[in-house]
Amino acid sequence: MNAYALVILAAILAQNALALAADLFNLRALRPELPAGFESVYDREKYARSQEYTRVRTRFSFVPQAVDLVLLLGFWLLGGFAWLDGWTRGLGGGPIGTGLVFIGVLLLAKSLLDLPFRYYSTFVIEERFGFNKTTRATFWADTVKGLALALVLGLPLLAAILWFFTRFGDAAWLWCWGATAAFTLFVQFIAPTWIFPLFNKFTPLEEGELRAAVLAYARKVGFPLEGLFVIDGSRRSTKANAFFTGFGKRKRVALFDTLIARHSVEELVAVVAHEIGHYKKGHILQGLALSILQAGVLFWLLSLFLTQPGLFAAFGVATPSVHAGLVFFLLLYTPLEVLLALGMQAFSRKNEFEADAYARATTGAAEPLVRALQRLSADSLSNLTPHPLYVVLHHSHPPLTERVRALRTGA
Ligand SMILES: [Zn+2]
């Protein structure tokens, strides 16, 4: 065990301990009393069910976390990385082919390991609480499409990164950064028209009261809405959502059919106003800029550590290579990744308050959005009293009680 090995081991253990502590605190923060102001959407029994849902999901999440940790440490300490490196080199594919197989095998193993947990979560837990609408056929089709998409999109980018590092020396990280930024923008650009339709059907929202009300609101705030779609979320789950995609002329708002079914026109306009708020406040571009900036930091640091023999020795790998260095560096990067994720979540929670405030200001009322958020939360049995540590670590949205308070007080 050299210094790199000790740092990485400590980081992995600390990250797992932190996640476990947050889960345990979260379970202890569950109280049987319903928070004030939620009487219209929860009765006693439903609130008890929402707490049971949090308990069941949290306890279940311990299993994959433990399995992942044990397998990662076992694979590492039993010399798995060295064996995989030797085996892939033996295939004689050159630095890029070898790298693609090395990383591909690890990613494939990880997604195969996740599969039984995803299956259990969908067909046992979600089923038990009445959320699941996914058929076995949809589940397997989603799995295959997800893998195919990862292959089609991920493989060329990974090959480019490996090639830049074998070709451009000290400047390679800049090339990687540029390629990753271009890739991110490209995916954002093609996602609404090429990726999302692989998984869901998008139907233009039919003429009627809802369409007229949403378009009238969009016109009022000077937001040219090219596409207003209904998405068949009910194929997979009863849970509802709405989202915004695209830039410039390709801006689209998509409302889940499950959302439309359970909310009034006034509430749906408030939800769209919140989504448009994200765009108007620049959150979408800022989020994109931040993720591109993070990629730059990651590649720059990677380039510093790729030449350190100690990093490879920590995993028992004798011959330094870009592909192994990339995987080992990502493990070393764990603490920084956690910190950056905390920053991104905090940024996202701040944006949610801003989008809520935008919706309140432009629709002239807080109550429709309050009612929509409360019903959304009750329908998905979400946890109304998350522990602050859990919020800091995992929540991209502020706790609902805080959002309702901010909406009502205008703070
Ligand atoms: Zn939002």
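A residue counts as buried when its relative accessible area is under 20%, and by that cut-off Glu-352, with a relative accessible area of 5%, is buried. The model described here is a predicted one, and its protein chain has 16 helices and four strands. The radius of gyration of this chain is 23 Å, close to the 22 Å that the globule rule gives for 411 residues, so the chain is as compact as a globular protein of that length.

**The chain as a whole**

- Taken along the principal axes, the box filled by the C-alpha atoms of the protein chain is roughly 65 × 50 × 45 Å.
- Of the 411 residues in the protein chain, 44% count as buried.
- When contacts between residues at least 6 apart in sequence are considered, 76% of them join residues that are at least 24 apart.

**The sheet and the helices beside it**

- The four strands form an open sheet in which the order is E1-E2-E4-E3 and the pairing is mixed; its edge strands, each of which pairs on one side only, are strand E1 (202-204) and strand E3 (242-245).
- From one strand to the next, the twist averages 30 degrees.
- Strands of a sheet pair through backbone hydrogen bonds, and they may do so in either a parallel or an antiparallel way.
- The pairing of E1 with strand E2 (residues 227-231) is antiparallel and extends over three bridges, and Phe-202 has Ile-231, in E2, as its bridge partner.
- Helix H6 (residues 172-199) packs on the sheet, where it touches E1, E3 and strand E4 (252-256), and its direction makes about 145 degrees with that of E3.
- Helix H9 (residues 265-280) lies across E3 and E4, and it runs at about 30 degrees to E3.

**The zinc site**

- The zinc ion has as its protein donors His-274 (NE2), His-278 (NE2) and, entered twice, Glu-352 (OE), and these donors lie 2.1 to 2.6 Å from the ion.
- In sequence, the donor residues of the zinc ion follow the spacing H-x3-H-x73-E.
- His-278 lies in helix H9 whereas Glu-352 lies in helix H13 (residues 334-363), so this pair ties together parts of the chain that are 74 residues apart in sequence.
- The angles among the four donor atoms of the zinc ion are 54 to 135 degrees, and the site is irregular; it does not count as tetrahedral, because that would require all angles to lie between 85 and 135 degrees.
- His-278 counts as buried at 11% relative accessibility, and Glu-352, at 5%, is buried too.

Conventions:
Residues numbered from 1 in each chain as written. Predicted model: local features only at pLDDT ≥ 70, side-chain atom pairs only at ≥ 80, totals over all residues. Heavy atoms only, no water. Pairing = 2+ DSSP bridges. Helix = DSSP H or I, 4+ residues; strand = E, 2+ residues; numbered from the N terminus. Axes fitted to C-alpha atoms, helices over the stretch in contact; angles between N-to-C directions. Contact = heavy atoms within 4.5 Å. Donors = N, O, S within 2.8 Å, 3.2 Å for Na, K, Ca; no water. Tetrahedral: all angles 85-135°; square planar, octahedral: opposite > 155°, others 65-115°. Buried < 20%, exposed > 50% of the residue type's maximum accessible area, 1.4 Å probe, protein only. Rg over C-alpha atoms; globule rule 2.2 N^0.38 Å.
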